[in-house]
Amino acid sequence: FLEKGEVEFKNVSFSYPESEVPVLQNLSFSVKSGETLAILGSTGSGKTSLFQLVPRLYDVSEGEVLVDGKNVRDYPIEALRKGIGVVPQEAVLFTGSISENISWGKEGAVQEEIVQAAKDAQIHETVLKLPNQYDTRVGQRGVNLSGGQKQRLSIARALVRKPKILMLDDSTSALDLKTEAKLLEALRKYACTTFIITQKISTAMEADHILLLDDGSIEAWGTHEELLETSPLYVKIVQS
Ligand code: TTP
Ligand code: MG
């Protein structure tokens, strides 16, 4: 659906429809195929809003978002929705089996693919302990899952589609550091371009680039080492 998964923002500004308030202001950056970008910034700084512009949940107000050099407006919406896996900030599960929840949005996924995605998302072992394993129902009258378990199911759902671009909206917030490290390691073989919103410096340190958003603008861009030198705000976050 997408060729390489390169992403470029060119002078992007954005306000929500019917609002005058700019949420993102003049953002320019680019991420190459297979690279990881960590996005940091305080609550309300525009991280989730930035994510929504890539699969065109919203359109930019000014500027351009390019995927593989082409404006996202020039893609069929299906290509974007299928080539980009967005794991939302709040995991959305529906009443149905674990398998159905993972394969949702990918018709014809076979059991091996579902299990592989679950293994990579670090939820397979948990599923095996459930009463009916992959056939266990979740949601109403089904089992209750913890926040971190829901997050990992939601990641498995994105992985089963083998996206070229993977966008994780604080999706590892409930995971312990060891599980998160295993997850990030497993993601490598997907070789997808990865955007990861995170509050954890340990996650940001592993990324190829860090984008620090402050009130809708880019406060700093670079690697962990570079930001330690150039961004007082980043240093403050590291020390907090
Ligand atoms: P977000 O982009 O949601 O900010 P965030 O993701 O950085 O915050 P958090 O860490 O809490 O998840 O919001 C930026 C601004 O945009 C904020 O003023 C709320 C507003 N907004 C809307 O008006 N409509 C929306 O659908 C969203 C997501 C945000
Ligand atoms: Mg958010």
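The chat below walks through a predicted model, moving from its ligands to its strands and loops.

Biologist: Which residues surround ligand 1?

Modeller: In this predicted model, ligand 1 is surrounded by Tyr16, Val23, Ser42, Thr43, Gly44, Ser45, Gly46, Lys47, Thr48, Ser49 and Gln89. Sorted by character, the residues of that shell divide into two nonpolar, eight polar and one charged.

Biologist: And which side-chain contact does Gln89 make there?

Modeller: Gln89 has a polar side-chain atom that lies 2.7 Å from an oxygen atom of ligand 1. The backbone takes part as well, since a backbone N or O atom of Gly44 lies 2.8 Å from an oxygen atom of the ligand, and a polar backbone atom of Ser45 is 3.3 Å from an oxygen atom of ligand 1. As for cover, ligand 1 has 610 Å² of accessible area on its own, and the protein covers 61% of that.

Biologist: OK, what about the magnesium ion, which protein donors does it have?

Modeller: The protein donors of the magnesium ion, which is ligand 2, are OG1 of Thr48 and OE1 of Gln89, and they lie 2.0 to 2.5 Å from the ion. Thr48 belongs to helix H1 (residues 47–52), while Gln89 sits in the loop between strand S6 (84–87) and strand S7 (96–97), so this pair ties together parts that are 41 residues apart in sequence.

Biologist: Are those two donors buried or exposed?

Modeller: The answer lies in between for each of them, because buried means under 20% relative accessible area and exposed means over 50%. Thr48 is partly exposed at 28%, and Gln89 is partly exposed at 42%.

Biologist: Changing topic, what is the strand order in the open sheet?

Modeller: The open sheet has four strands in the order S2-S1-S4-S5, and the pairing is antiparallel. Its edge strands are S2 (24–31) and S5 (70–71), each of which pairs on one side only. In general, strands of a sheet pair through backbone hydrogen bonds, either parallel or antiparallel.

Biologist: How many bridges join S1 to S4?

Modeller: Strand S1 (residues 7–14) and strand S4 (residues 62–67) run antiparallel and are joined by five bridges. Within S4, Glu64 stands opposite Lys10, and Val67 is the bridge partner of Val7.

Biologist: Then what happens between S4 and S5?

Modeller: S4 and S5 pair in the antiparallel sense over two bridges, and Val67 stands opposite Lys70 in S5. The two strands form a hairpin with two residues between them, and Asp68 in the turn has a positive phi of about 50°.

Biologist: Where else is there a positive phi in a residue other than glycine?

Modeller: Lys162 has a phi near 45°, and it lies in the loop between helix H6 (147–159) and strand S9 (165–169). Asp215 has a phi near 50°, and its place is in the loop between strand S11 (209–214) and strand S12 (217–222).

Biologist: Are they buried or exposed?

Modeller: Lys162 counts as exposed because its relative accessibility is 55%, and Asp215 counts as exposed at 60%.

Biologist: Last one, is Thr193 buried or exposed?

Modeller: Thr193, which is found in strand S10 (residues 193–197), is buried, with a relative accessible area of 0%. Its C-alpha atom is separated by 25 Å from that of Leu93, a residue 100 residues apart from Thr193 along the chain.

Notes
Residues numbered from 1 in each chain as written. Chains lettered and ligands numbered in written order. Predicted model: local features only at pLDDT ≥ 70, side-chain atom pairs only at ≥ 80, totals over all residues. Heavy atoms only, no water. Near = heavy atom within 4 Å. Polar contact = N/O pair within 3.5 Å; in protein donor to acceptor, adjacent residues only side chain to side chain. Areas by Shrake-Rupley, 256 points an atom, 1.4 Å probe, with all protein chains shown as cover. Nonpolar A, V, L, I, M, F, W, Y, C, P; charged D, E, K, R; others polar. Pairing = 2+ DSSP bridges. Donors = N, O, S within 2.8 Å, 3.2 Å for Na, K, Ca; no water. Buried < 20%, exposed > 50% of the residue type's maximum accessible area, 1.4 Å probe, protein only.
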